[in-house]
Amino acid sequence: MKIDRRRALAAGGALLSAMALPGVLRAQGKPIRIGSTLPLTGPLASLAIIHKVTAEICVENLNKRGGLLGRPVEWVLRDDQSKPELTRTLYEQLITADTVDLIQSPYATASILAAMGVAQRYNKVLLHTSFGIPKLAKYDMQFQTAGSPFDPENVWPNHIFDAAAKLPKPPKTIAIVTSKFPSVHAISVGAREVMKKRGLTEVLHLEYEFGNRDYGAIASRVKEANPDFLWGGTNGIDPVLMLEAMKKIDYRPPAQAHLFPAPGPMLKLPEAQGALALTTFESHAPFTDDPVIAQFVKTYGERAQQAGIPYTSVDLQSAIMYASWQVLESAVTATKSLDDKTIGAWLKKNEVKTLFGTLRWNGPQNYVEGADLYKVKQLQQGKWVVVHPTQWAAPGAKLT
Amino acid sequence: MPSATLLGQSVLSGVFIGALYGLLGLGLSLSWGMLRQVNLAHFALAFLGAYVTFQLAAVAKIDPFVTLAIVAPAFFVLGMALHWFFLRFSVTLLNTLLVTFGITSIIEAGIQWYWTADFHRMENAYAAVRWKLGPLFLALTDVITLGFALALALGAWAVLRFTDLGKAIRATTEDAPIAAAFGVNEKLLGFLVSGFAASVAAVAGLCLALNHTLAPVQIYAWMGVVFAAVMMGGLGRPIGPLVAGIVIGVSEAVTMAVTNPTWAPLVSFSLLIVILLLRPARFS
């Protein structure tokens, strides 16, 4: 067959295009539509923006790799305004009116519980990122992608106290100050039991309403109790407000942990240095040894900056969202199916390697009891680094 | 039993947070009592003021107190514009509640659009200054808040009590047509009161930025307790919200010091009910 110059150029051009834009050429046909909500407005919006930026990167990468089952992926996102009742309605709409093929996670326990009810009604698999009370997850086709255990009220306090025991001065007396925000409160209640079993002494136990404005009296009570270690059953901005109130009365706890602090504001606070917190992922080796993950960390940093997110490192929040898309891609690819029952059955029998460890769902209510993928991080010299367990610790990092 | 130091420090903490309640409540009380406008947007304006202060201080590197020279006059104009809107569309008392709730949502969305929903903290040298009085500590930013609250509340009270302008405003509040018959310019006074209330929101915004980490959604966190302070203090009474705010703040702080902090809101709102029930009619 004679190949003329024009045909040769056309073939060469096509080949070059295929190399340059493999995803565009490979992902063809009707898009696979994946629906979810996030609290883009309302009290949880500061965290939702992290999830949104992460998911956009995941979908973009997925499409660059050829989409799912050779089809492009389209993410249908709705704003649930941090309202569980609206989440329920929006998932109904996503499934019935938008006829999405699969659904993804909303954010936070109450909204996930609302979405779970809808998923159950329509027999949809629900992957979820941030469900704080696993015992309430009764639906057979819900699967957590956060690396949480079935019993966080037992496992997570042990992580914290294991790490605290390795501090230069291991604590003997503990002050527990906890918000009544449901998930952190449940973990703090568990912490009291764990403490007793470990022979630690509780010198103070305080509970305050979520959304508390004045931490002055709480700070004074902690100062007066003079504990070796402050257990903060806190999330979001609460630990910052608490530590600022302590600073005003010239007090700093000798050692402290806060369950899920907003990472950015803590960095700027000298009083927060040395604080422990829970995480699944931090932007350092060994997490970033995988070049794909290292690239994600880099891309996230750029996109987060563009989106005006003050803390631009990948940590717990972005990692659990990324893992959720890893799980979805693995399950669809392995089953070559979009059928929820097929995907659900596969997840129960298999495991998925994510950026923060291997997820399994072979225990009670699709969780694993007594074990998880959470780690303890510490704020050191203005940076969060994993310090416990040692196999996930940042190179050279030690508890200080 | 809590120690005297714990109680003393808690009372101080309650006074300072109460001063902020009073500062936020001052503008609300004046516009409610004198203009018959339940201005929920006052909270949003205070947070907008806080964010603008943050922006000018953190980005443009202007001293937070110097920013007041820009923000307070700008808010005065904003307050007058809001009053013009209410007059132009003849918004009734009940409808001001609904309209200003809508304005609050719009301002919140605007703040979130520009500054994102994430937390922002204004780093400032004033936050590091504190004094020791025996076993008790005083933070400069708290003292400044109390100073502003006292100065503005007493200043507004003195103007209303002792000046012709204040007498005209009070007369208009009592009976606008009769006041007008005596030559009082009701419209102009309305604009002045509304502008002043918005300027007070700007000052409250500065104090919020000095003392607190900012997030758009926190606009709503202050509404309940400041409303309580305004109701307890009396509508249109400049000193009332400050006194009531301090009573609420101290009662919350002492509750937190002696029992579980979860009881604090219950105590303050129970106090509101008791005071509203027992208050003499002349203070209502």
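This section describes the fold of chain B, its contact with chain A, and selected backbone features of chain A in a predicted model.

The secondary structure of chain B consists of 11 helices and 2 strands. Read from the N terminus, the order of these elements is α-α-α-α-β-β-α-α-α-α-α-α-α. The radius of gyration of chain B is 19 Å, close to the 19 Å given by the globule rule for 284 residues, so chain B is as compact as a globular protein of that length. The C-alpha trace of chain B extends over about 60 × 50 × 35 Å along its principal axes. Of the 284 residues in chain B, 53% are buried. Among contacts in chain B with a separation of 6 or more, 78% are between residues 24 or more positions apart.

Within chain B, the packing of two helices was examined. The axes of helix H9(B), residues 223-233, and helix H11(B), residues 264-278, come within 10 Å and cross at roughly 20°. Because this angle falls under the limit of 35 degrees, H9(B) is classed as roughly parallel to H11(B). The crossing of H9(B) past H11(B) is left-handed. On the H9(B) side, the contact is formed by Val225(B), Ala228(B), Met231(B) and Met232(B). The H11(B) side contributes Ser268(B), Phe269(B), Leu272(B), Ile275(B) and Leu276(B). Taken by class, the residues of this helix-helix contact comprise 8 nonpolar and 1 polar, with no charged residues.

The contact between the two chains involves 28 residues from chain B and 33 residues from chain A. On the chain B side, at least two residues each are supplied by helix H1 (4-35), strand S2 (136-139) and helix H10 (239-258). H1(B) gives the most to this side, with 5 residues. By class, the residues of chain B that touch chain A divide into 14 nonpolar, 9 polar and 5 charged.

In chain A, two peptide bonds preceding proline are cis. The bond from Ala285(A) to Pro286(A) is cis, with omega near 5°. Pro286(A) is located in the loop between strand S10 (276-279) and helix H11 (291-306) of chain A. A cis peptide bond also joins His388(A) and Pro389(A), where omega is about -5°. Pro389(A) belongs to the segment after strand S14 (383-388) of chain A.

Positive phi values occur at two non-glycine residues of chain A. Leu69(A) has a phi of about 55° although it is not a glycine, and this residue is found in the loop between helix H3 (45-64) and strand S2 (73-79) of chain A. Leu69(A) counts as partly exposed, because 15 C-beta neighbours lie inside 10 Å. Lys336(A), likewise not a glycine, has a positive phi of about 50°. The loop that holds Lys336(A) lies between helix H12 (316-335) and helix H13 (340-349) of chain A. With 11 other C-beta atoms within 10 Å, Lys336(A) is exposed, since a residue is assigned to that class at 12 or fewer.

Conventions. Residues are numbered from 1 along each chain as its sequence is written. Chains are lettered from A and ligands numbered from 1 in the order in which they are written. This is a predicted model: local features need pLDDT of at least 70, side-chain atom pairs count only at pLDDT 80 or more; totals for chains, interfaces and linings use all residues. Helices (H or I, at least four residues) and strands (E, at least two) are DSSP runs, numbered from the N terminus. The radius of gyration is taken over C-alpha atoms; the globule rule is 2.2 Å times the number of residues to the power 0.38. A residue is buried if 20 or more other C-beta atoms lie within 10 Å of its own, exposed if 12 or fewer, and partly exposed in between; C-beta atoms are placed from the backbone. Two residues are in contact if their C-beta atoms, placed from the backbone, lie within 7 Å. Axes are lines fitted to C-alpha atoms, for helices over the stretch in contact, and angles run from 0 to 180 degrees between N-to-C directions. Angles under 35 degrees count as roughly parallel, over 145 as roughly antiparallel, 65 to 115 as roughly perpendicular and the rest as oblique. A crossing is left-handed if the near helix is turned anticlockwise from the far one by less than a right angle, and right-handed if clockwise. Ala, Val, Leu, Ile, Met, Phe, Trp, Tyr, Cys and Pro count as nonpolar, Asp, Glu, Lys and Arg as charged, and the others, Gly among them, as polar.
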